[in-house]
Amino acid sequence: QVQLEESGGGLVQAGGSLRLSCAASGRTFNSGAMGWFRQPPGEEREFVAGIIWSGSRVSYGNYVDSVKGRFTISRDSAKNTVYLQMNKLKSEDTAVYHCAFDKSGAGRSLADQRLTSSWDYWGQGTQVIVSA
């Protein structure tokens, strides 16, 4: 019903920037949540950032501590696309980044948004490699 496609990943030097995009197709929702997760090599998938909308109201700012002040999530409702602007990248940011959609996300707490089990749809992922 909903398909998510990430783009924008690649190889970048430490201190550089990348802007990831996640385009949603299939249908639109008046409310919900979009988020970004990442899975570093040999580690579990972890929450990175999330954004919630209900009608024209948008709330965001839920970030994992390790990216606060460096990453910014945003949404373009007209394009059905969410973005993750990543600045001051570190080698620890190297991972496969997945976007996700939660049709019930508008009613979730910030804590629950961090759980992989809260999300209904997932993109295939885009690789981000940060070199020293």
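Where is Asp93 found? Asp93 is in the loop between E8 and E9, and the views below start there. Keep in mind that this is a predicted model.

**View 1. Asp93 and what surrounds it.**
Asp93 sits in the E8–E9 loop, yet it is buried, with a relative accessible area of just 2%. That value falls under the 20% cut-off for buried. Setting aside neighbours within four places in sequence, Asp93 is in contact with Arg38, Arg70, Phe71, Lys88, Val128 and Val130. With one of these, Arg38, there is a side chain to side chain polar contact at 2.9 Å. If you also want Phe47 in the frame, its C-alpha is 12 Å from that of Asp93, and the two residues are 46 apart in sequence.

**View 2. The disulfide between Cys22 and Cys99.**
The structure holds one disulfide, and Cys22 and Cys99 form it, with their sulfur atoms 2.0 Å apart. Cys22 lies in strand E3 and Cys99 in strand E9 (residues 95-102), so the pair ties together parts that are 77 residues apart in sequence. For the torsion fans: the angle about the S-S bond is about 55 degrees, so this disulfide is right-handed. Is Cys22 buried or exposed? Cys22 is buried, at a relative accessible area of 0%, and Cys99 is buried as well, also at 0%.

**View 3. The open sheet E1-E3-E8-E7.**
Here four strands make an open sheet in the order E1-E3-E8-E7, with antiparallel pairing. The edges are strand E1 (3-7) and strand E7 (71-76), each of which pairs on one side only. On average, neighbouring strands of this sheet are turned by 15 degrees against each other, direction ignored. Inside the sheet, strand E3 (residues 18-25) runs antiparallel to strand E8 (residues 81-86), and six bridges join them. To pick out the register, look for Arg19, which stands opposite Gln85 in E8.

**View 4. Ser21 in strand E3.**
Ser21 lies in strand E3. How is Ser21 classed, buried or exposed? Ser21 counts as buried because its relative accessible area is 19%, under the 20% limit. Apart from neighbours within four places in sequence, Ser21 is in contact with Glu5, Glu6, Ser7, Trp36, Thr81, Val82 and Tyr83.

**View 5. Strand E9 and its partners.**
E9 is mostly covered, as seven of its eight residues are buried. Which strand pairs with E9 over seven bridges? That is strand E4 (residues 31-39), and the pairing is antiparallel. In this pairing, Phe37 stands opposite His98 in E9. Strand E11 (residues 126-131) also runs antiparallel to E9, joined by three bridges, and there Val96 stands opposite Gln127 in E11. Then there's strand E10 (residues 121-122), which pairs with E9 in the antiparallel sense over two bridges; Ala100 stands opposite Trp122 in E10.

**View 6. Confidence along the chain.**
A quick look at how far the predictor trusts itself. The protein chain averages a pLDDT of 94, and 99% of the residues score at least 70. Where is confidence lowest in the protein chain? The lowest spot is strand E6 (residues 57-63), with a mean of 83, while strand E2 (residues 10-13) is the highest, at 98.

How values were computed: Residues numbered from 1 in each chain as written. Predicted model: local features only at pLDDT ≥ 70, side-chain atom pairs only at ≥ 80, totals over all residues. Heavy atoms only, no water. Pairing = 2+ DSSP bridges. Axes fitted to C-alpha atoms, helices over the stretch in contact; angles between N-to-C directions. Disulfide = S-S within 2.5 Å. Buried < 20%, exposed > 50% of the residue type's maximum accessible area, 1.4 Å probe, protein only. pLDDT = per-residue confidence, 0-100. Contact = heavy atoms within 4.5 Å. Polar contact = N/O pair within 3.5 Å; in protein donor to acceptor, adjacent residues only side chain to side chain.
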